[in-house]
Amino acid sequence: MALFDVVDLKQHYGNEEPEEFLPTFKDYAAKDIPDVFFCEDEHAEIHNIDGKDVLVVLREATLKEHNSHWEAGAKQNFDTGLYTAFSILYIQVKDYGPKPKVGKQLVIDKKRAYSIKACEEESGIYRMTLERTRQ
């Protein structure tokens, strides 16, 4: 009794034609990112990021009030600021460059400085979580 039937055993010798590549949904979605997600007429806006004008998607997320106390009729909080603003920035890897490190300062529109709290990359897009302390 044979361990394998000849019909079930397929051998590849390397001279066969490669199988045809069939694109997946992820392949189609990755092709659409620059034309759909970063479309200036629909979703993205031009912002100055670290001195360079690029198309980005910027979402102002939340404000978190810091603990403070009232003294002499005014809120007092000298060491940490009054509020922390969190934002999400989507930018194409080709427009930004190498992945930034957590804690790096990022300047948006030459006026607001943020600290990068997290940066993930997927399908050629960086998703940066930004934090800015307001005085």
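Let me start with a term: a residue is buried when its relative accessible area is under 20%, exposed when that area is over 50%, and partly exposed in between. With that in hand, hello everyone, and please keep in mind that this is a predicted model. Of the 135 residues in the chain, buried ones make up 29%. The chain exposes about 10,300 Å², and carbon and sulfur atoms supply 54% of that area.

Now the overall layout. We have 2 helices and 8 strands, and if you walk along the sequence the order is α-β-β-β-β-β-α-β-β-β. How much of the contact network joins residues far apart in sequence? Taking contacts between residues at least 6 apart, 50% join residues at least 24 apart.

Let's look at helix 1, which covers residues 25–37. A straight helix of its 13 residues would reach 18 Å at 1.5 Å a residue, but here the end C-alpha atoms are only 16 Å apart. Where is the bend? There is a kink of about 40° at K31, and the proline P34 follows shortly after it.

On to the charged pairs. As general background, side chains of opposite charge can pair when their charged atoms come close. In this model the count is 5 salt bridges, and I'd like to show you three of them, beginning with D50 and K104.

In that pair, the closest N and O atoms of D50 and K104 are 2.9 Å apart. The two partners come from distant parts of the chain, 54 residues apart: D50 is in the loop between strand 1 (45–49) and strand 2 (52–65), while K104 is in the loop between helix 2 (93–96) and strand 6 (105–108). Are these two buried or exposed? Neither, quite: D50 has 35% relative accessibility, so D50 counts as partly exposed, and K104, at 31%, is partly exposed as well.

While we're at K104, have a look at its surroundings. Which residues does K104 touch, leaving aside neighbours within four places in sequence? They are D50, Y96, Y114, S115 and I116. For S115, which is 11 residues from K104 along the chain, the C-alpha atoms of the two are separated by 5.7 Å.

The next salt bridge is between the side chains of E60 and R112, at 3.3 Å from N to O. E60 sits in strand 2 and R112 in strand 7, residues 112–122, so this pair ties together parts of the chain that are 52 residues apart in sequence. E60 has a relative accessible area of 45%, which means E60 is partly exposed.

E60 also has a second partner to point out. Its side chain is joined to that of S87 by a polar contact of 2.9 Å. S87 belongs to strand 5, residues 83–92. Is S87 buried or exposed? S87 is buried, because its relative accessibility is 0%. So here a buried serine meets a partly exposed glutamate through their side chains.

The last salt bridge for today is K117 with E131, whose closest N and O atoms are 3.5 Å apart. K117 is in strand 7 and E131 in strand 8, residues 125–134, and the two are 14 residues apart. K117 is partly exposed, because its relative accessibility is 41%.

If you'd like to follow along on the structure, start at the kink at K31, then go to D50 and K104, and finish with E60, which pairs with R112 and also contacts S87. Thanks for listening!

Definitions and conventions
Residues numbered from 1 in each chain as written. Predicted model: local features only at pLDDT ≥ 70, side-chain atom pairs only at ≥ 80, totals over all residues. Heavy atoms only, no water. Helix = DSSP H or I, 4+ residues; strand = E, 2+ residues; numbered from the N terminus. Expected span 1.5 Å × (residues − 1). Bend = angle between axes of the 7 residues up to and from the residue. Salt bridge = Lys/Arg side-chain N within 4 Å of Asp/Glu carboxyl O. Buried < 20%, exposed > 50% of the residue type's maximum accessible area, 1.4 Å probe, protein only. Contact = heavy atoms within 4.5 Å. Areas by Shrake-Rupley, 256 points an atom, 1.4 Å probe, with all protein chains shown as cover. Polar contact = N/O pair within 3.5 Å; in protein donor to acceptor, adjacent residues only side chain to side chain.
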